[in-house]
Amino acid sequence: MQRSVPQLGDHVMKVYETYADTLFRIAMVHLGRREDAEEATQDTFIKLIEKAPTFNDAEHQKAWLIRVITNHCKSLLGRGWRKREVKLEGVDALTTDNPEDHALIELVLSLPLKYRSVVHLYYYEDYAIREISEILEISESAVKMRLKRGRELLKLELEGEEL
């Protein structure tokens, strides 16, 4: 009787199939360009292969992947050539055919990065404040404050559009 031994590639492919879309959306929120988001997603999986960390459960693994891609995106945005360039050409990849959803995601993407990432994780990825705090390695009160300020900015923009 031959027993199949799970291979590293099988594990990574399973993880990729499970989390690639989520990581891509997070990268799009940060970077705003499809090509950059795809590259950041690939880099995250390369780090997973290289570091081969052990996880307690699937949620721990997902949180690790989100933290890695978030930090990677921040690193990319911090580079000099990238600071002035944040385009929103990949918005279609994040939305449905609903024009209201499309307009809202454009507004979310126009928020400053620190508010954008918290709003995205809370409203689009359904993370709790405590989980966002752990993923972004900031305090829960900082998450709450960023959510509040992000909502206020969105409200101002939405009210401005209606006038």
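**Close-up 1. Helix 2 packs against helix 3 at an angle of about 125°.** In this predicted model, helix 2 covers residues 34–51, and its axis sits 9 Å from that of helix 3. The two helices are therefore oblique to each other. Helix 2 passes helix 3 in a right-handed crossing. On the helix 2 side, look for Ala40, Thr41, Asp43, Thr44, Lys47, Leu48 and Lys51; they meet Trp64, Leu65, Val68, Ile69, His72 and Cys73 in helix 3. Sort the residues of this contact by class and you get seven nonpolar, three polar and three charged.

**Close-up 2. Helix 3 also packs against helix 6, here at an angle of about 55°.** The axes of helix 3 and helix 6 are 8 Å apart. These two helices are therefore oblique to each other, and their crossing is right-handed. Helix 3 brings Ala63, Ile66, Arg67 and Thr70 to the contact, while helix 6 brings Glu134, Ile135 and Leu136. That gives the contact of helix 3 with helix 6 four nonpolar residues, one polar and two charged.

**Close-up 3. Helix 5 meets helix 6, with axes that come within 10 Å.** Helix 5 spans residues 113–124 and helix 6 spans residues 129–136; their axes cross at roughly 135°. That crossing angle makes helix 5 oblique to helix 6. Helix 5 passes helix 6 in a right-handed crossing. Ser117, Val118, Leu121 and Tyr122 come from helix 5, and they meet Ile129, Ile132, Ile135 and Leu136 in helix 6. Of the residues in this contact, seven are nonpolar, one is polar and none is charged. Ile135 and Leu136 may look familiar: they are also among the helix 6 residues that meet helix 3.

**Close-up 4. The largest pocket holds about 150 Å³ of space.** Its lining is made up of Glu59, His60, Ala63, Arg67, Tyr127, Arg130, Glu131, Glu134 and Ile135. Helix 3, which runs over 58–78, and helix 6 each supply at least two of the lining residues. By class, the lining has three nonpolar residues, one polar and five charged. Some names carry over from the second close-up: Ala63 and Arg67 in helix 3 meet Glu134 and Ile135 in helix 6, among other residues of that contact, and these four are among the residues that line the largest pocket.

Key. Residues numbered from 1 in each chain as written. Predicted model: local features only at pLDDT ≥ 70, side-chain atom pairs only at ≥ 80, totals over all residues. Heavy atoms only, no water. Axes fitted to C-alpha atoms, helices over the stretch in contact; angles between N-to-C directions. Helix = DSSP H or I, 4+ residues; strand = E, 2+ residues; numbered from the N terminus. Parallel < 35°, antiparallel > 145°, perpendicular 65-115°, else oblique. Left-handed = near helix turned anticlockwise from the far one by under 90°. Contact = heavy atoms within 4.5 Å. Nonpolar A, V, L, I, M, F, W, Y, C, P; charged D, E, K, R; others polar. 1 Å grid on protein atoms, 1.4 Å probe; cavity = no way out; pocket = protein on both sides within 12 Å on 5 of 7 lines; lining within 4 Å. Points joined across faces, edges and corners; volume = space filled by probe spheres on them.
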